[in-house]
Amino acid sequence: AVVKLPDLTGLPPAEAEKRLSELGLVLARRVEVPGLRPGVIVSQEPGPGAELAAGAGVVLGQGVPRGVA
């Protein structure tokens, strides 16, 4: 099955991962992005609207306070 990836930015990481799981997708990797909105997802690869096969991996960028990462 092919699913359309929603926009996960702005969500807390746990919620973003839950949505991926509900769609049959997996978190490939989570990267830390310093200085941008700590504590929420600030980027995703592939981007919103991408059509992915079930089981495909998604990379999420999570904001962290600058100077901590």
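**Helix H1, its salt bridges and the sheet beneath**

I would like to begin with a pair inside helix H1, namely Arg19 and Glu15, which stand four residues apart and are therefore separated by about one helical turn. Before going further I should say that this is a predicted model. Arg19 and Glu15 form a salt bridge, and the closest N and O atoms of the two are 3.0 Å apart. As for how open the two partners are, Arg19 counts as partly exposed at 33% relative accessibility, and Glu15 is likewise partly exposed, with a relative accessible area of 27%. In general terms, an α-helix has 3.6 residues a turn, so residues three or four places apart point the same way, and side chains of opposite charge can pair when their charged atoms come close.

How many salt bridges does the structure hold? There are three, and having described one of them, I will take the other two in turn.

Glu22 forms a salt bridge with Lys18, with the closest N and O atoms 3.2 Å apart, and here again both residues belong to helix H1, four residues apart, or about one turn of the helix. Glu22 is exposed, with a relative accessible area of 57%, whereas Lys18, at 46% relative accessibility, counts as partly exposed.

The remaining salt bridge leaves the helix: Glu17 pairs with Arg30, and the closest N and O atoms are 2.4 Å apart. Because Glu17 lies in helix H1 and Arg30 in strand S2, this pair ties together parts that are 13 residues apart in sequence. Both partners fall in the intermediate class, Glu17 being partly exposed with a relative accessible area of 30%, and Arg30 being partly exposed with a relative accessible area of 39%.

Let me now turn to the two sides of the helix. Which residues of H1, a helix that covers residues 13-22, are buried? They are Pro13, Ala16 and Leu20. When one looks down the axis of H1, the buried residues fall within an arc of 65 degrees, so they line one face of the helix. The face turned away from that buried side carries the exposed residues Ala14, Ser21 and Glu22, the last of these being the residue that I paired with Lys18 a moment ago. Just after H1, Gly24 takes a positive phi of about 85 degrees.

What, then, covers the buried residues of H1? The cover includes strand S2 (26-34), strand S3 (41-45) and strand S5 (57-64), which brings me to the sheet.

Three strands form an open sheet of mixed pairing, in the order S2-S5-S3. S2 and S3 stand at the edges, each with a single partner strand, so that one side of each is left without a neighbour in the sheet. On average, and with direction ignored, neighbouring strands of this sheet are turned by 25 degrees against each other. S3 and S5 run antiparallel and are joined by four bridges; within this pairing, Ser43 has Gly61 in S5 as its bridge partner. H1 packs on the sheet, touching S2, S3 and S5, and the direction of the helix makes about 155 degrees with that of S2.

To draw this together, helix H1 places Pro13, Ala16 and Leu20 in buried positions, under a cover that includes S2, S3 and S5, while the salt bridge between Glu17 and Arg30 joins the helix to strand S2.

Technical notes. Residues numbered from 1 in each chain as written. Predicted model: local features only at pLDDT ≥ 70, side-chain atom pairs only at ≥ 80, totals over all residues. Heavy atoms only, no water. Buried < 20%, exposed > 50% of the residue type's maximum accessible area, 1.4 Å probe, protein only. Arc of directions from axis to C-beta. Contact = heavy atoms within 4.5 Å. Salt bridge = Lys/Arg side-chain N within 4 Å of Asp/Glu carboxyl O. Pairing = 2+ DSSP bridges. Axes fitted to C-alpha atoms, helices over the stretch in contact; angles between N-to-C directions.
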